[in-house]
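I sat down with this model to look up its pockets, one sheet and one residue. My notes are below.

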Amino acid sequence: PQITEELDIDIKKYALINNDKLFLVLNAFNVKENITETRTRTKPVYLNRGFIDEDNITYNLPEGILTNQISNNDKNIKNQFGEYVTKLTLEGNKLNYYRKLVINEGTFSPNAYSEFHKFITEVNTADRYKLILSLKK
């Protein structure tokens with residue numbers, strides 16, 4: 001099964017402004033939640049449903065933002081459990097955020113759980129990333 005949604009959302013005051021900085025949460029709609037850490041796992045890690053989440057969000061930046069400070073914040077994490085990719089591109093005042101999360105289905109050894117936990121934690125941390133932009137004075 002596959003679903004494609006296209007939304008056009010206008011959220012006033014979405015980004016937080018503090019002094020001369022604008023704080024923009026790039027991914028507020030599809031954050032991967034953390035999983036419980038365990039040190040003594042005895043059962044295999046069973047991922048019965050693999051999936052692919054792909055998001056493309058475009059932000060229209062207002063006038064007065066210093067866009068030359070937007071650096072390469074691309075992320076790529078890949079292992080036996082899946083892959084996580086983010087890309088940030090800027091065209092004029094349009095900031096495009098691309099995110100892809102692939103979770104592989106399968107059965108993995110109990111010892112692999114710590115690596116799976118680390119992967120999900122890294123994805124969760126990257127999903128909560130805030131871009132800090134300076135305002136023109």
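These entries follow the order in which I looked things up.

**Entry 1, kind of model.** I am working from a predicted model, so I read everything below with that in mind.

**Entry 2, largest pocket.** I started with the volume, and the largest pocket holds about 1,400 Å³ of space. Which elements give two or more residues to its lining? I found strand E2 (21-25), strand E4 (51-60) and strand E8 (94-103). Of these, E4 gives the most, with nine residues. I then went through the lining, which comes to 35 residues. Leu7, Phe29, Asn56, Ile57 and Thr58 are the ones that lie nearest the centre of the pocket. Sorted by class, I get 17 nonpolar, eight polar and 10 charged residues for this lining.

**Entry 3, second largest pocket.** Next I looked at the second largest pocket, with a volume of about 190 Å³. Two elements give two or more residues to its lining, strand E7 (82-91) and helix H1 (113-127). E7 has the largest share, four residues. I noted several names from the lining, among them Leu26, Asn73, Lys75, Tyr84, Tyr97, Glu122 and Tyr129. How does this lining divide by class? I have it as six nonpolar, three polar and three charged.

**Entry 4, a four-stranded sheet.** I turned to the strands and traced an open sheet of four, in the order E1-E2-E10-E5, with antiparallel pairing. Why is one side of E1 and of strand E5 (65-66) left without a neighbour in the sheet? Both stand at the edges and each has a single partner strand, so there is nothing in the sheet on the other side. Further in, I checked E2 against strand E10 (residues 130-135) and found antiparallel pairing over five bridges. As a spot check I picked Leu24, and its bridge partner in E10 is Leu131. E2 therefore turns up twice in my notes, as it also gives residues to the lining of the largest pocket.

**Entry 5, Asp10.** Last, I looked up Asp10, which is found in the segment before strand E1 (16-18). Is Asp10 buried or exposed? Its relative accessibility is 66%, and the cut-off for exposed is over 50%, so I put Asp10 down as exposed. I also took the C-alpha to C-alpha distance from Asp10 to Arg41, and the two are 45 Å apart in space. In sequence, Asp10 and Arg41 are 31 residues apart.

Definitions and conventions: Residues are numbered from 1 along each chain as its sequence is written. This is a predicted model: local features need pLDDT of at least 70, side-chain atom pairs count only at pLDDT 80 or more; totals for chains, interfaces and linings use all residues. Side-chain values use heavy atoms; hydrogens and water are left out. On a 1 Å grid over the protein atoms alone, a cavity is a set of points where a 1.4 Å probe fits but cannot get out, and a pocket is an open set with protein on both sides within 12 Å along at least five of seven lines; lining residues have an atom within 4 Å of a point. Grid points are joined across faces, edges and corners, and a volume is the space filled by probe spheres set on the points. Ala, Val, Leu, Ile, Met, Phe, Trp, Tyr, Cys and Pro count as nonpolar, Asp, Glu, Lys and Arg as charged, and the others, Gly among them, as polar. Buried means under 20% relative accessible area, exposed over 50%, partly exposed in between (1.4 Å probe, protein chains only). Two strands pair if DSSP finds at least two bridges between them.
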